[in-house]
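Hi everyone, thanks for coming. Today I'd like to walk you through one model, slowly, so please stop me whenever you get lost.

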Amino acid sequence: MVNERYEPTENDELVLDVLKQGRDSNDPWGRANPRWLIDETDLEKGNVEFSLRSLRDAGWIKRVSRGLYEFVEDPRED
């Protein structure tokens, strides 16, 4: 279930932006591993891992397998 009350941090927003890249252009989108997120956001490893945990706990993303995360929903969008 998605936590609609969760307020993403600035780092969370960067991670979400990367996960959403490509969805309007019919490119593959929505999945990423931490290494790619680090490269795309220029955030430190610990910051990306913290954001992934926070977003996963809020239900906005899910862990598909070890080291692979998938965008679920951003409740701010309609």
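I'll talk about the helices, then the aromatic rings, then a few single residues. One thing to keep in mind from the start is that this model is predicted.

Let's begin with helix H1, which covers residues 10–20. Which residues of H1 are buried? They are Asp12, Val15, Leu16, Val18, Leu19 and Lys20. If you look at that list again, you'll find Asp12 and Lys20 in it, so-called charged residues by class. And what do the buried residues of H1 pack against? Their partners are strand E1 (31–32), helices H2 and H3, strand E2 (61–65) and strand E3 (68–71). Just past the helix, H1 is followed by glycine 22, and the phi of this glycine is positive, near 95°.

Staying with H1 for a moment, have a look at glutamate 13, which is in this helix. Glutamate 13 has a relative accessible area of 24%, so it counts as partly exposed. Setting aside residues up to four places away in sequence, glutamate 13 touches Pro8 and Arg76.

Now to the other two helices. Two packed helices are described by the angle between their axes and the distance between the axes. For helix H2 (residues 34–41) and helix H3 (residues 45–57), the angle is about 115° and the axes are 9 Å apart. Their crossing is right-handed. Who makes the contact? From H2 we have Pro34, Leu37, Ile38 and Thr41, and from H3 we have Lys45, Val48 and Leu52. Sorted by class, that gives five nonpolar residues, one polar and one charged.

Between these helices there is a loop, and aspartate 42 lies in it. Aspartate 42 has a positive phi of about 65°, although it is not a glycine. Is aspartate 42 buried or exposed? Its relative accessibility is 70%, so it counts as exposed. There is another residue like this to show you: asparagine 26, in the loop between H1 and E1. Its phi is also positive, near 65°, and asparagine 26 is not a glycine either. With a relative accessible area of 76%, asparagine 26 is exposed.

On to the rings. A pair of aromatic rings is described by the distance of the centres and the angle of the planes. How many aromatic pairs does the structure hold? There are two.

One pair is tyrosine 6 with tryptophan 60: the centres are 5.8 Å apart, the planes are at 80°, and the arrangement is edge-to-face. Please find both on the chain: tyrosine 6 is in the segment before H1, while tryptophan 60 is in the loop between H3 and E2. They are 54 residues apart, and the pair links distant parts of the chain. Both of these residues are buried.

The other pair is tryptophan 29 with phenylalanine 71. Their ring centres are 5.8 Å apart and their planes are at 50°, so this pair is tilted. Tryptophan 29 is in the loop between H1 and E1, phenylalanine 71 is in strand E3, and 42 residues separate them along the chain. Here the two partners are not equally covered: tryptophan 29 is partly exposed at 37% relative accessibility, whereas phenylalanine 71 is buried at 10%. Tryptophan 29 has another partner too, since the charged end of arginine 23 sits over its ring, 5.6 Å from the centre.

Last stop: two neighbours in helix H3, serine 54 and leucine 55. Which one shall we take to begin with? Let's go for leucine 55, which has a relative accessible area of 0% and is therefore buried. Not counting neighbours within four places in sequence, leucine 55 is in contact with Tyr6, Asp12, Val15, Leu16, Trp60 and Ile61. You have met several of these names already: Tyr6 and Trp60 from the edge-to-face pair, and Asp12, Val15 and Leu16 from the buried residues of H1.

Two distances place leucine 55 further. Its C-alpha atom is 9.7 Å from that of glutamate 7, with the two positions 48 residues apart along the chain. From the C-alpha atom of glutamate 13, 42 residues away along the chain, the separation is 9.8 Å.

Serine 54 is buried as well, with a relative accessible area of 14%. Leaving out its neighbours within four places in sequence, serine 54 is in contact with Tyr6 and Asp12.

That's my tour, and I'm happy to take questions.

Key. Residues numbered from 1 in each chain as written. Predicted model: local features only at pLDDT ≥ 70, side-chain atom pairs only at ≥ 80, totals over all residues. Heavy atoms only, no water. Axes fitted to C-alpha atoms, helices over the stretch in contact; angles between N-to-C directions. Helix = DSSP H or I, 4+ residues; strand = E, 2+ residues; numbered from the N terminus. Left-handed = near helix turned anticlockwise from the far one by under 90°. Contact = heavy atoms within 4.5 Å. Buried < 20%, exposed > 50% of the residue type's maximum accessible area, 1.4 Å probe, protein only. Phe/Tyr/Trp six-rings, centres within 6.5 Å; stacked < 30°, edge-to-face > 60°. Lys NZ or Arg CZ within 6 Å of the ring centre and 35° of its normal.
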